[in-house]
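User: Please take me through the packing and the charged pairs of this model. Keep the answers short.

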Amino acid sequence: MSLNRSGRIGAAALAITMLLTPAFARTPVRKIAADMAAVAGARDMFWQDCVGADHPGILLRNDNLAHLRLTHDELGFKYIRFHGIFHDDMEAYREVNGVPVYNFDKIDAVYDAILKTGMKPFVEIGFMPHDLATGDKTIFYWKANGSPPKDWTRWSDFMAAFARHLEERFGKAEVESWRFEVWNEPNLDGFWTDGNQETYFKLYDTTVKAIKSVDPALLVGGPATAGIGWVPEFIAHARAAGVPVDFITTHTYGVKGGFLDEHGEGDNKLDAAPGSVSDDVWTVRRQIESSPMPGLPLYFTEWSTSYNPRDPIHDAYLSAAFILEKLKNTEGAVQSMSYWTYTDLFEEAGPPPASFHGGFGLVNREGIRKASFFAYKYLNELGSQVLRNGDTESWLTREGVNFTGLIWNYTVPDQQESNRPFFRKLHPSTPLAPVALSVSSLQPGTYRLTLHRTGFKANDAYSQYIEWGMPKDLSPKRIALLRQLSGDVPETEIVVKVGANGRFERIIPIRTNDVLLVKLTRMP
């Protein structure tokens with residue numbers, strides 16, 4: 001049995017030893033039982049519907065497009081949502097001698113690039129072009145204008161021209177499969193003029209009428225609010241005003257604000273409540289069902305561990321288990337949970353200042369996969385049929401005769417300080433009672449058993465980065481090493497026999513905030 005450099009038993013060797021131990025031979029254990037004949041139904045793929053990005057200009061960069069292709073190919077996201085499609089750098093609207101001039105060439109280039117990856121746009125309508133804005137107040141490093149239009153008729157004409165152009169350029173059937181969300185977080189000052197609800201409702205009404213005048217089948221919704229705001233009011237307004245709503249969108253994050261870091265600067269802290277994120281999702285679902293428009297699709301178009309673009313919790317291995325825990329607890333309430341975002345190439349707060357800087361992305365600026373990436377990768381590798389399951393922190397699935405299980409532990413850390421100081425330190429995981437996995441009703445024969453793990457120092461580039469002293473930039477050699485450390489090499493890959501009783505049993509070690517992917521693949 002091999003030892004690693006610190007003198008501990010190597011993780012792979014430990015896993016193999018325990019996997020070869022008959023299940024239930026040790027106590028206590030966490031029992032997980034899968035019956036291949038007990039199919040509960042098809043998998044709910046709501047988690048895969050959409051993913052977030054920053055602004056369209058950065059989407060045309062080769063490195064960003066490479067990250068997007070990786071995200072699509074390995075994680076399977078269907079739609080992409082981003083800010084600023086009408087930001088001035090896209091040159092879609094300007095006024096020459098007081099006359100509106102439209103130019104959709106750059107928007108076309110962005111949508112072409114997205115479609116080539118196999119994804120579709122989830123169109124966030126905003127922000128306001130300078131020549132149409134009532135004011136000059138902006139937010140973000142790239143200066144997004146949150147003003148209402150100075151001329152509502154010109155805004156309406158612009159929206160109709162935009163929709164008409166998209167259908168002419170990309171085809172009516174294609175654009176009818178897109179979604180159009182009116183604005184972003186209008187309940188926050190800066191994102192929208194004083195966070196004014198009445199003016200936002202006027203924006204929604206004007207926009208949806210203009211778009212639907214081109215094609216009533218185009219899908220339009222809102223209110224795209226922060227912190228699940230305004231949903232009952234928005235639906236009530238739409239019903240009273242007689243304007244269509246095809247879906248509801250809003251946002252939630254898994255942190256609390258109002259904290260100070262070790263330097264006395266504003267910071268966030270992980271919300272330790274078991275219902276963080278999921279309670280918000282179910283609240284909005286109940287609001288919809290008790291509204292005059294029950295049954296509307298619900299899309300959370302932003303969510304993650306934190307709304308802070310410089311929060312190291314995004315880089316920490318805990319994020320993988322957090323993602324799975326919250327997705328499991330929102331299943332059945334929502335049609336989309338759009339993770340914010342797929343890459344650290346993100347400029348709301350300015351260009352990414354370091355290789356790991358607490359950016360939102362599933363991959364860092366060099367394209368190194370974070371632990372959070374593997375939560376989605378493992379979800380994408382599950383089978384299409386869900387098996388009945390009494391364990392709350394797992395998905396058990398089948399695909400034909402093959403079994404795949406996704407098992408995790410989410411343990412909120414003992415966190416006495418805010419996120420920036422806390423998640424810039426190493427936090428080794430703690431061993432838990434092992435998983436006693438049993439799978440029954442398998443076809444007898446030979447199977448390949450593989451086990452993948454994400455957790456502390458397993459697909460965990462960030463812990464190594466901390467041990468290096470968190471350098472601003474990484475050498476090519478160190479980048480290559482982090483790619484190797486996050487290469488998702490199977491921890492265990494062995495051949496096992498399933499006898500005439502069709503039963504497989506094994507003990508699998510698990511630690512706090514570990515994520516395990518277990519596969520039984522029948523061999524010819």
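**Buried charges and cores**

Analyst: Glu124 is buried (under 20% relative accessible area, with exposed over 50% and partly exposed in between; 1.4 Å probe, protein chains only), as its relative accessible area is 1%. This is a predicted model, where local features need pLDDT of at least 70, side-chain atom pairs count only at pLDDT 80 or more, and totals for chains, interfaces and linings use all residues. Residues are numbered from 1 along each chain as its sequence is written, and side-chain values use heavy atoms, without hydrogens and water.

User: Which side chain meets Glu124 in a salt bridge?

Analyst: A salt bridge puts a side-chain nitrogen of Lys or Arg within 4 Å of a carboxyl oxygen of Asp or Glu. Here the N to O distance is 3.0 Å. The partner is at 0% relative accessibility, so the partner too counts as buried. The partner of Glu124 is Arg81.

User: Is Asp189, which pairs with Lys137, buried, partly exposed or exposed?

Analyst: The side chains of Asp189 and Lys137 meet at 3.3 Å, N to O. The two residues lie 52 residues apart. Asp189 has a relative accessible area of 48%, so Asp189 is partly exposed.

User: Which residues touch the most other members of the largest nonpolar core?

Analyst: A nonpolar core joins buried Ala, Val, Leu, Ile, Met, Phe, Trp, Tyr and Cys residues through side-chain atoms within 4.5 Å. The largest one holds 112 residues. The residues that touch the most other members are Tyr111, Phe180 and Tyr376.

Key: Helix = DSSP H or I, 4+ residues; strand = E, 2+ residues; numbered from the N terminus.
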